[in-house]
Amino acid sequence: MKDRPPFIAIALISAAALGYEVLLTRLFSITLWHHFAYMIISAALLGYGASGTFLVLARSRLETRFDAAFVASAATFGLSIAPSFLLAQRISFNPLELFWDPRQALYLLGLYLVLFVPFFCAGTCTGLAFSRFRGRIHRVYAADILGAGAGSLGIVLALFAFPPVQALTLLSALGLLAAAIAALETRSGFVQFAALLAGAGLMAAIPAESWIELRPSPYKELSQTLQVAGARVVARHSSPLAQITVVESPRVPFRHAPGMSLASPAEPAPQLAVFSDGEGLNPLTRFDGDLAPLAYLDYLTSALPYHLKREPRVLVLGAGAGADVLQALYHRSPRVDAVELDPQVVALLRGQFAGYAGRLYERPELRVHVAEARGFVAGSPERYDLIQVALVDAFSVASAGLHALSESYLYTVEALQDYLGHLQPDGLLAVTRWVTLPPRDTLKLFATAVAALKRSGLPHPERRLALIRGWKTATLIVKNGEFNEREIAALRAFCRTRSFDPAYFPGIAPDETNRYNRLDESYFYDGATALLSPRRDAFIEGYKFHIEPATDDRPYFFRFLRWRSLPEILALKDRGGLPLLEWGYPVLAVALAQAVAAGALLILLPLPRIRGETGMRRGRVAAYFLGIGLGFMFLEIAFIQKFILFLAHPLYAVAVVLCAFLVFAGLGSLLSRSVVTALERATDRPLRWVAAAIGAFALAYIFVLPPLFRELMGLPGLSKVAISVAAIAPLAFLLGLPFPTGLARVGREAEALIPWAWAVNGCASVVGAVLAALLAVHLGFTVVVILAVVLYLLALGVAFEGTAAAPNGQPAPEPS
């Protein structure tokens with residue numbers, strides 16, 4: 001149908017493309033680590049920018065053959081999804097060797113090229129529709145972005161029902177279905193339609209496990225564990241949250257008790273190993289109701305609070321497979337609330353492995369809650385004698401710095417304030433972390449506790465803190481009150497009988513530290529006393545690692561790298577210094593540099609072809625679409641973060657916020673012509689009013705949402721979803737206006753620039769996603785929102801300011 005865009009096909013292609021993007025994050029989280037997945041996907045998404053550059057160079061030829069070009073691009077998109085991932089797995093890229101093996105750069109380039117293809121084809125379809133149907137840009141964009149919104153929610157729902165590899169083939173089938181519908185919409189012929197439809201059905205029907213196998217990195221913890229003789233997988237389950245794998249090792253039994261004292265008279269009980277995305281070994285302990293075999297749990301640093309407070313009522317955050325719950329039961333806790341994020345883990349202990357675990361999660365003194373830890377605490381009216389936050393990440397991941405850019409709301413100043421607010425008088429908060437040298441996360445945690453106590457208005461933080469360390473773990477105790485002499489005596493006795501070293505407690509003497517697990521200096525004691533002294537700020541600023549307390553606005557607890565220390569760390573490469581380098585952080589910086597370089601190339605490459613346009617017009621077009629592309633991504637990423645705590649689950653935040661942003665932006669695009677026309681009756685600069693409205697809503701959200709969320713945190717989940725959608729809708733609707741409005745104006749005044757504007761916007765979106773993450777690390781999400789507002793004000797208020805000659809010589813009106 002020559003005079004009508006293939007709206008349904010455009011929406012389906014966009015849905016499949018965004019679904020593929022989200023799915024790649026899951027797939028690479030399983031096979032590599034999710035931060036490297038982020039780098040690879042951001043580069044692959046440059047396919048959208050490249051499609052615009054390609055359309056500039058081949059526009060006239062493709063537009064005259066629009067039907068065939070669109071259907072072929074859609075079919076290639078569908079056919080390339082699964083093979084591109086299969087080929088990517090064949091490339092021997094190891095991100096951990098990126099800085100010393102020159103071949104890894106070539107492997108990385110190969111990954112980019114392989115993953116580039118599906119996004120290039122999807123971008124070609126959409127960009128070609130923009131160029132061909134210049135009078136209906138707002139509807140084409142609405143179909144594109146509404147489809148993306150449906151895809152963002154649809155892939156999350158699909159991952160509840162299908163394993164990731166099956167979801168991959170379903171997305172391929174969806175791409176082929178889009179091509180079939182495109183053949184129908186463009187009247188390309190029944191044979192094409194039937195063939196593509198049959199291909200879609202065949203792709204959906206074939207079991208993915210028969211020809212697609214995930215190949216995790218050999219350096220992941222699960223891969224290493226399966227190298228042990230006799231180790232085998234006994235269960236595997238998958239969801240949008242994680243792939244959970246259970247391993248048994250009968251010949252070389254698991255004995256996982258992190259940091260257990262060498263003075264322990266008992267050995268760990270038999271265990272199975274539970275892994276999440278191939279990392280974070282979590283022991284599933286054999287338990288028959290007899291507490292005596294659990295004596296070894298009293299020889300961990302995390303057992304200290306049970307010697308300071310007898311038979312406490314306990315809240316365990318990050319319960320996992322139950323090790324910390326067993327520790328609480330061993331110490332005769334009469335009531336335990338256990339909070340676990342992943343329902344699959346809870347289902348394992350209530351189902352397949354209930355007998356092995358002694359029906360632990362069905363005991364009458366235990367209540368299990370499937371929830372995000374911060375969300376549960378914020379919405380709970382309960383108060384506890386002890387809140388236990390034990391190890392929730394793998395030592396190998398933590399020591400390699402792979403969590404450097406993970407947003408963790410467990411360890412922020414506000415989080416510790418929430419925990420302290422849910423303690424009984426004289427209650428205890430206990431947080432256990434891995435010991436890393438030189439000290440990083442332990443000192444950062446200590447600094448965070450000091451800040452939380454001061455912000456809560458509690459006097460004398462030095463009287464409320466205690467810190468001990470073993471050979472592999474350290475435990476920080478924060479008391480809702482001041483430590484007394486009996487508790488300090490119990491702490492000394494606990495450490496002495498278990499060969500643990502006190503690092504700080506009220507009244508500690510320097511010679512009481514560094515006795516058993518000896519270091520060259522008393523680093524932990526020196527750091528703790530400095531953080532409690534008047535020179536605290538100078539100590540934090542001068543320390544070689546970033547130990548400034550994390551906040552909810554900058555929730556990057558695991559970010560320790562200071563750029564000024566990078567040369568010194570790299571100089572230690574030959575002496576084993578590279579473990580001090582946090583891989584996630586510099587790799588994302590490399591990804592930003594690559595995205596900027598590739599984006600600049602794609603933007604500049606077609607300029608000779610469009611040299612007939614004035615330099616000013618090209619400059620304004622570039623400024624406009626760069627501004628709104630960067631601004632949209634900044635706001636989208638910042639607001640996903642803002643809603644994580646309220647929705648009490650990162651998965652729900654991503655699904656709800658992304659879907660709401662895209663759907664309401666799609667509605668804004670659909671109605672953009674009517675909205676702008678109405679504004680033109682009141683002003684000759686309607687886009688300035690749109691920019692002002694975007695800025696007003698975005699800035700208001702910064703101040704209004706946090707207190708509003710705190711008041712509404714206890715509402716049921718569906719109510720909070722509805723409130724979130726209602727809050728996002730006005731801003732998202734406004735964000736849907738600038739792109740189709742600007743592109744329509746380009747179409748009227750310089751139609752050759754349409755695909756180039758599409759390229760500029762695509763490249764800006766990729767750069768914006770990476771740049772927003774790095775800016776949030778350094779400046780916080782509030783600053784990211786403010787920068788987004790500035791970008792929109794500049795783009796909408798300046799880039800298209802002034803008049804341009806219309807074809808009849810009169811001033812051109814604002815686009816509609």
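**Exercise 1. The aromatic cluster**

Task: Find which residues form one aromatic cluster in this predicted model, and classify the ring pair of Phe130 and Trp758.

Solution.
Step 1. One aromatic cluster is formed by Tyr20, Tyr48, Phe119, Phe130, Tyr141, Tyr624, Phe625, Phe739 and Trp758. The count of aromatic pairs in the model comes to 31.

Step 2. Take the pair of Phe130 and Trp758. Their ring centres are 5.2 Å apart and their planes stand at 65 degrees. Planes over 60 degrees apart count as edge-to-face, so the pair of Phe130 and Trp758 is edge-to-face.

Step 3. Place the two residues in the chain. Phe130 belongs to helix H5 and Trp758 to helix H28 (residues 754-779). With their positions 628 residues apart in sequence, the pair links distant parts of the chain.

Step 4. Check how covered they are. A residue counts as buried under 20% relative accessible area. Phe130 has a value of 0% and is buried; Trp758, at 7%, is buried too.

**Exercise 2. A second pair in the cluster**

Task: Work out how the rings of Phe625 and Phe739 are arranged, and which helices they tie together.

Solution.
Step 1. The distance from centre to centre is 5.6 Å and the angle between the planes is 80 degrees, and the aromatic pair of Phe625 and Phe739 is edge-to-face.

Step 2. Phe625 lies in helix H22 (residues 615-647), while Phe739 lies in helix H27 (residues 738-749). The pair therefore ties together parts 114 residues apart in sequence.

Step 3. Phe625 is buried, with a relative accessible area of 0%. Phe739 is buried as well, with 2%.

**Exercise 3. The lengths of two helices**

Task: Compare the span of helix H5 (residues 103-132) with the span expected at 1.5 Å a residue, then do this for helix H1 (residues 7-31).

Solution.
Step 1. H5 has 30 residues, which should span 44 Å at 1.5 Å a residue. The C-alpha atoms at its ends are 43 Å apart, and this agrees with the expected span.

Step 2. Look along H5 for a bend. There is a kink of about 40 degrees at Phe116, shortly before the proline Pro118.

Step 3. Turn to H1. Its 25 residues reach 36 Å from the first C-alpha to the last, close to the expected 36 Å. H1 is mostly covered, with 20 of its 25 residues buried.

**Exercise 4. Strand S11 and its partners**

Task: Determine which strands pair with S11 (residues 473-479), and which way its side chains point.

Solution.
Step 1. Strand S9 (residues 423-434) is joined to S11 by 7 bridges, and the two run antiparallel. Thr432 has Thr475 in S11 as its bridge partner.

Step 2. Strand S10 (residues 465-469) also runs antiparallel to S11, with 5 bridges. Here Leu467 stands opposite Leu476 in S11. S10 and S11 form a hairpin, and 3 residues lie between them.

Step 3. In a regular strand, side chains alternate between the two faces of the sheet. In S11, Thr473, Thr475, Ile477 and Lys479 point one way, and Ala474, Leu476 and Val478 point the other way.

Step 4. Both sets of residues are buried, and the total for S11 is 7 of 7.

**Exercise 5. Strand S2 and its partners**

Task: Establish how strand S2 (residues 243-248) is covered and how it is joined to S1 and S3.

Solution.
Step 1. S2 is mostly covered, as 5 of its 6 residues are buried.

Step 2. Strand S1 (residues 232-238) and S2 run antiparallel and share 6 bridges. Val233 has Val247 in S2 as its bridge partner. The hairpin from S1 to S2 passes through 4 residues.

Step 3. S2 is joined to strand S3 (residues 271-276) by 4 bridges, again in an antiparallel arrangement. Val246 stands opposite Val274 in S3.

**Exercise 6. Confidence along the chain**

Task: State the average pLDDT of the protein and find where it falls below 50.

Solution.
Step 1. The average pLDDT is 88, and 92% of the residues score at least 70.

Step 2. Over residues 394-404 the pLDDT is below 50, and this stretch has 37 contacts in the model beyond near neighbours in sequence.

Step 3. Over residues 802-816 the pLDDT also stays under 50, and the model has 35 contacts for them beyond four places in sequence.

Definitions and conventions. Residues are numbered from 1 along each chain as its sequence is written. Side-chain values use heavy atoms; hydrogens and water are left out. pLDDT is the predictor's confidence in each residue, from 0 to 100. Contact means heavy atoms within 4.5 Å. Buried means under 20% relative accessible area, exposed over 50%, partly exposed in between (1.4 Å probe, protein chains only). Two strands pair if DSSP finds at least two bridges between them. The expected span of a helix is 1.5 Å times one less than its number of residues. The bend at a residue is the angle between axes fitted to the seven residues ending there and the seven starting there. Rings of Phe, Tyr and Trp (its six-membered ring) pair if their centres lie within 6.5 Å; planes under 30 degrees apart count as stacked, over 60 as edge-to-face and the rest as tilted.
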